[in-house]
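Please look through the sequence and the model shown here before reading on. The report that follows takes up the overall make-up, the charged pairs, the aromatic contacts and the buried and exposed nonpolar groups in turn.

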Amino acid sequence: MRAYIIRRLLLIIPTLLILTILVFLSVRFIPGDVVDAMLAGMDFQAVFLDREALIRMRGLDVPVYVQYGRWIGVLPTPDWVTGESHFKGLLQGTLGKSLWGAAASVEEKIIGRLPVTIELGVMAIVIGLVIALPVGIYSAIRQDTAADYAGRSIAIIGLATPNFWLALMVMI
């Protein structure tokens, strides 16, 4: 049992490494240039007119493996204002700066959206329970009837429906 637990804990390391590489590269594989997308935004357009300065400020002028090392926190990140280098990244508990915000960190953006996310999650659970409990109780009492089959069918359809599609349909 101890060997199994140690083996599973050691598998966390390559799993997290592969996961961080996939997350990092997924942002880099977005079609188009991220700098053009930033300059198209209103908050950057007023501040930065020089494309090269924005590339240097965001650290996009170095190779991808150096960007990844800085993002993880194993390579020092130079401050573009003071010129000092410091270690900050995932290993230090910071998620970095957002590519689509003038100076906002990813943590600030997540915290700003957290109340609405929690509210949506709680409302989804409440609505699910309000619907599922009566249908489940009725199906248990009236087993193998037409109403039971209808309740089970609706439940299976609800589980099989993709959330993104259902959200679009509710908004429409």
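## Salt bridges

A salt bridge is counted here where a side-chain nitrogen of Lys or Arg lies within 4 Å of a carboxyl oxygen of Asp or Glu. The model is a predicted one, and the structure holds two salt bridges by this rule. In one of them R152 pairs with D144, with 3.5 Å between the closest N and O atoms. In the other, the side chain of R152 meets that of D148 at an N to O distance of 2.7 Å. D144, D148 and R152 are thereby linked in a network of salt bridges.

D148 and R152 both belong to helix α7, which covers residues 146-160, and they are four residues apart, about one turn of the helix. An α-helix has 3.6 residues a turn, so residues three or four places apart point the same way. Are the two partners buried or partly exposed? D148 counts as buried because its relative accessibility is 3%, under the 20% limit for that class, whereas R152 has a relative accessible area of 40% and is therefore partly exposed.

## Overall make-up

The protein has eight helices and two strands, and their order along the sequence follows the pattern α-α-α-α-α-β-β-α-α-α. Of the 172 residues in the protein, 20% are buried. Among the contacts with a separation of 6 or more, 30% are accounted for by residues 24 or more positions apart.

The accessible surface of the protein comes to about 13,100 Å², and 73% of this surface belongs to carbon and sulfur atoms.

## Helix α5 and its surroundings

Helix α5 spans residues 64-72, and its buried residues are V66, Q67, Y68, G69, R70 and I72. Which elements do the buried residues of α5 pack against? They pack against α1, residues 2-28, and β1, residues 77-78. Just after α5, G73 takes a positive phi of about 110 degrees.

Q67, which lies in helix α5, is buried because its relative accessible area is 9%, below the 20% cut-off. When residues up to four places away in sequence are not counted, Q67 touches F24, R28, G59, L60 and V62.

## Aromatic pairs

The count of aromatic pairs comes to three. For F24 and Y68, the ring centres are 5.4 Å apart and the planes stand at 70 degrees, so the pair is edge-to-face, the cut-off for that class being over 60 degrees. This pair links distant parts of the chain, since F24 lies in helix α1 and Y68 in helix α5, 44 residues apart. F24 counts as buried because its relative accessibility is 4%, and Y68 is buried as well, with a relative accessible area of 17%.

The rings of F24 and W71 have their centres 5.6 Å apart and their planes at 40 degrees, so this pair is tilted. Here too the pair links distant parts of the chain, with F24 in helix α1 and W71 in helix α5, 47 residues apart. W71 is partly exposed because its relative accessible area is 24%, which lies between the limits of 20% and 50%. F24, Y68 and W71 form one aromatic cluster.

## Nonpolar core

Which residues make up the largest nonpolar core? This core has seven residues, namely V34, V35, M38, L54, I55, M57 and L60. Helices α2, residues 34-40, and α4, residues 51-57, each supply at least two residues of this core.

V35, one of the core residues, touches R51, L54, I55 and L60 when residues up to four places away in sequence are not counted. L60 belongs to the core and is also one of the residues touched by Q67 of helix α5.

## Nonpolar surface patch

On the surface, L114, I118, V122, M123, V126, I127, V130, I131 and V135 make a nonpolar patch of about 780 Å². V126, one of the residues of this patch, has its place in helix α6, which covers residues 106-141. V126 counts as partly exposed because its relative accessibility is 39%, a value between the 20% and 50% limits.

Note on methods: Residues are numbered from 1 along each chain as its sequence is written. This is a predicted model: local features need pLDDT of at least 70, side-chain atom pairs count only at pLDDT 80 or more; totals for chains, interfaces and linings use all residues. Side-chain values use heavy atoms; hydrogens and water are left out. Buried means under 20% relative accessible area, exposed over 50%, partly exposed in between (1.4 Å probe, protein chains only). Contact means heavy atoms within 4.5 Å. Accessible areas come from the Shrake-Rupley method with a 1.4 Å probe; for residues, only the protein chains shown count as cover. Patches are made of residues with over 30% relative accessible area and no salt bridge: like charges are joined within 9 Å, nonpolar side chains (Val, Leu, Ile, Met, Phe, Trp, Tyr) within 5 Å. A nonpolar core is a set of buried Ala, Val, Leu, Ile, Met, Phe, Trp, Tyr and Cys residues joined through side-chain atoms within 4.5 Å. Rings of Phe, Tyr and Trp (its six-membered ring) pair if their centres lie within 6.5 Å; planes under 30 degrees apart count as stacked, over 60 as edge-to-face and the rest as tilted.
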